[in-house]
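Please take me through this structure stop by stop. Tell me what to select in the viewer and what is there.

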Amino acid sequence: MTLTTESMDGDITRVLLDGRLDIEGAAAIDLRMNVLSGSAKFLLIDLRNVSFLGSMGLRSIVVPAQAVRRRGGKVALFAPVPLVEEVIKASNIDQVIPVFHELETAVATLR
Amino acid sequence: MVEFSHSKPMLNLAPAVHAYLEVMFSHLPRQLVPISKLPFFIGRGSENGNHLNLDDLRISRKCIAISAVPEGLRIEDQGQVGGIFVNGKQLTEGRTLFEGDSIRLGMDDGCHLVFRSSSESRPIDDRRAELSNLVAAKAGDSQLELNRLTLLLEATSLLHSQLPLESIFSSMLDHAIVITRADRGMLLERDASGTLQVKVARSRERINLAPETMNPSRTVLRQAIEQQTAVINEDLQLADFNVQAANSVVLQFLRSAVVVPLYNVHRRNDAPAQWPAHDELLGAVYLDSRRTAPFSALDRQILDALGAQAASILDNTRLMQHERERQRLEQELSIARQIQQALVPQGLQDYPHLAITGIHRPCQEVGGDYFDVFPLPDGRIAILIADVAGKGLGAALLATMLQGALSGMTLGAEPAKVFEHLNRFLCERAVVGRYATMFFGLLDPDGTLEFVRAGHPSPLLLRQGEVSELYHGGSFPIGLLEPASYTASRIQLEPDDTLLLFTDGVTEAEDKERNLFGRIRLMDTLVRHSGCALDTLQSGILSAVQGFTEAVTQSDDITLLAVRYRRPVDAVGTVAKHST
């Protein structure tokens, strides 16, 4: 599991996750996600290279996302593969953190 | 030339052996022999059934028997020429042995055994005294001291479970001081950050010195570690050319020091020849003296042997600590497992209007999945399945807490309200850091199923050979998002409808190519078992999952709960006329 970030126009931090977000994957990104949640204003979590999302992985996304929102920021999830999107929807997370498949729409919502 | 024979440290964790014989023959090396079997025979030649074979013509073939009696261990003369003497008195009939009993074989003073026991009932101080007697220092002969240190090493292994580590380390340092004739000695151990910290410090007078007041020369320590060998420094002030670094040495006016770095000896011995030279550094023995040049006559081989012995002791005690810690954890885990298993409904009872079977197979000692079935006062039966995120003890703790909270439903609370309460409770205590998915259903004898869901995959409904899901779309798990709310839904079950509740450990079981078992396979398996008894259905699903994953280790808890609704009964429990 790897995590890389890049800055986009409009104060958006894009977080690219790559790998399996199972228990080990979640443990690998938790600390950095926490740091990001304390600093980023607009967070775009790019899930396109996440092949599996387990329950601990879901937590690794939701908890930092909620922290950003509490500070007045916004979070969007981008391009989950069907299996991953299914997990997100089964937990109603998409009702709280919007899911997008087009980058422009995601960016427009965050700005 | 010092012949240093390194006896491999024994880590005998079996509690059985508690008594030993210290064998002291004028021409043989002193050794400790555990009394490993009872009765225990001593004599010349092992072919005579002797457990301790004393290959010495002064010893008879059948010499001594030690056997168990209610009072302890009893010694008997088996026919030693010249007799057996215990504490100077000839043995005419058997007698019970006590710690420290001296046993002389025959008339020759050179054949001598001492009985050593480490029974649990004796106070620690006794044993400490015993240990220091065992290795009592006679200043002067380094070789002798080294032998005693070897003995200490053996004693460390033998008595480890009873002796505090500090006293073992103190004894070790006392020896090192005697061997080197230093003024004081310290044992330094590497802490988690890799820094050497003074763990125990002793004076020449065998008095404990406060570790925090010790100020060993870091320069000499560094030197010894860099060179990976014992370093003798006769004038520290010259060695510490850097004034700031030398400060600690100047302050204490110390003149000379010996540093013996301690490396993991097991690894060194077991390693293949091409093993890289950098063994794991465990710590160092640091000895210093205010006199000048007291160490110049020290034999390097003595120092190396001292290092090897001290490292063994340190390493051994560490292994013991780890082993003890591991055993403790294992014991606690098994208690946790017992509690968890006790909370799973035992011998699932069928109710007049439903048959039930369930299985919980955690992938670790304890798991985060659980199911429960319990009757409500109004005649409905509660069925529930839950899956706490993560696994192991943390998940199991939360699962147990949820189970307790949900059993409160029997008091007539509304399930959706209970879910909301639990969600708030967990979110407010966010540090818990866990959440759960759940399905909770209440099955009325008339077939009405009221249910609340919390992010849990839909149970499968098997009706007349066809499988469907109870619901589609999502719902909030418990304890993940604060503003979550829950609603109850209802469906009507028909007689012989089967509900299969499961956790994602089933659908997310992976084969070696990391393909998931998936919902479709689960549905197919269920269809294939329509009409089967619930037990058959359950084992059919388990074997389908197993067949799919083959040799891949189970990575998540697997939990199944199958419920079959039977013909409806009326309020007083009589079976209604209903064709099945």
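## Start with chain B

Of the 580 residues of chain B, 38% count as buried. Keep in mind that this is a predicted model. Colour chain B by secondary structure: it has 13 helices and 27 strands. Now turn to contacts within chain B between residues at least 6 apart in sequence. Of these, 63% join residues at least 24 apart.

## Stop 1: a sheet in chain B

Select β14, β13, β12, β17, β16 and β15 of chain B. In that order, these six strands form an open sheet, and their pairing is antiparallel. Go to the edges next. They are β14 (208-209) and β15 (231-233) of chain B, and each of them pairs on one side only.

Stay at β14(B) and add β13(B), residues 196-203. The two strands pair in the antiparallel sense, over two bridges. Click B:Ala201. Opposite this residue stands B:Leu209, in β14(B).

## Stop 2: helices on the sheet

Add helix α4 of chain B, residues 218-227. This helix packs on the sheet. The strands it touches are β13, β15, β16 (256-263) and β17 (281-289) of chain B. The direction of α4(B) makes about 40 degrees with that of β16(B).

Then show helix α8 of chain B, residues 300-343. It packs on the sheet too, touching β16 and β17 of chain B. Its direction makes about 50 degrees with that of β16(B).

## Stop 3: where the chains touch

Show both chains. How many residues does each chain give to the contact? Chain A gives ten and chain B gives twelve.

Look at the chain A side. The elements giving two or more residues to it are α2 (55-70) and α3 (82-90) of chain A. The largest share, four residues, comes from α2(A). By class, this side of chain A has five nonpolar, three polar and two charged residues.

## Stop 4: a helix pair in chain A

Keep α2(A) and add α1(A), residues 23-39. The axes of these helices come within 8 Å and cross at roughly 5 degrees. Angles under 35 degrees count as roughly parallel, so α1(A) is roughly parallel to α2(A).

Now show side chains. From α1(A), the residues making the contact include A:Ile23, A:Ala26, A:Ile29, A:Met33 and A:Leu36. From α2(A), they include A:Met56, A:Arg59, A:Pro64, A:Ala67 and A:Val68. The residues of this helix contact divide into nine nonpolar, five polar and two charged.

Technical notes:
Residues are numbered from 1 along each chain as its sequence is written. Chains are lettered from A and ligands numbered from 1 in the order in which they are written. This is a predicted model: local features need pLDDT of at least 70, side-chain atom pairs count only at pLDDT 80 or more; totals for chains, interfaces and linings use all residues. Two residues are in contact if their C-beta atoms, placed from the backbone, lie within 7 Å. Ala, Val, Leu, Ile, Met, Phe, Trp, Tyr, Cys and Pro count as nonpolar, Asp, Glu, Lys and Arg as charged, and the others, Gly among them, as polar. Axes are lines fitted to C-alpha atoms, for helices over the stretch in contact, and angles run from 0 to 180 degrees between N-to-C directions. Angles under 35 degrees count as roughly parallel, over 145 as roughly antiparallel, 65 to 115 as roughly perpendicular and the rest as oblique. Two strands pair if DSSP finds at least two bridges between them. A residue is buried if 20 or more other C-beta atoms lie within 10 Å of its own, exposed if 12 or fewer, and partly exposed in between; C-beta atoms are placed from the backbone.
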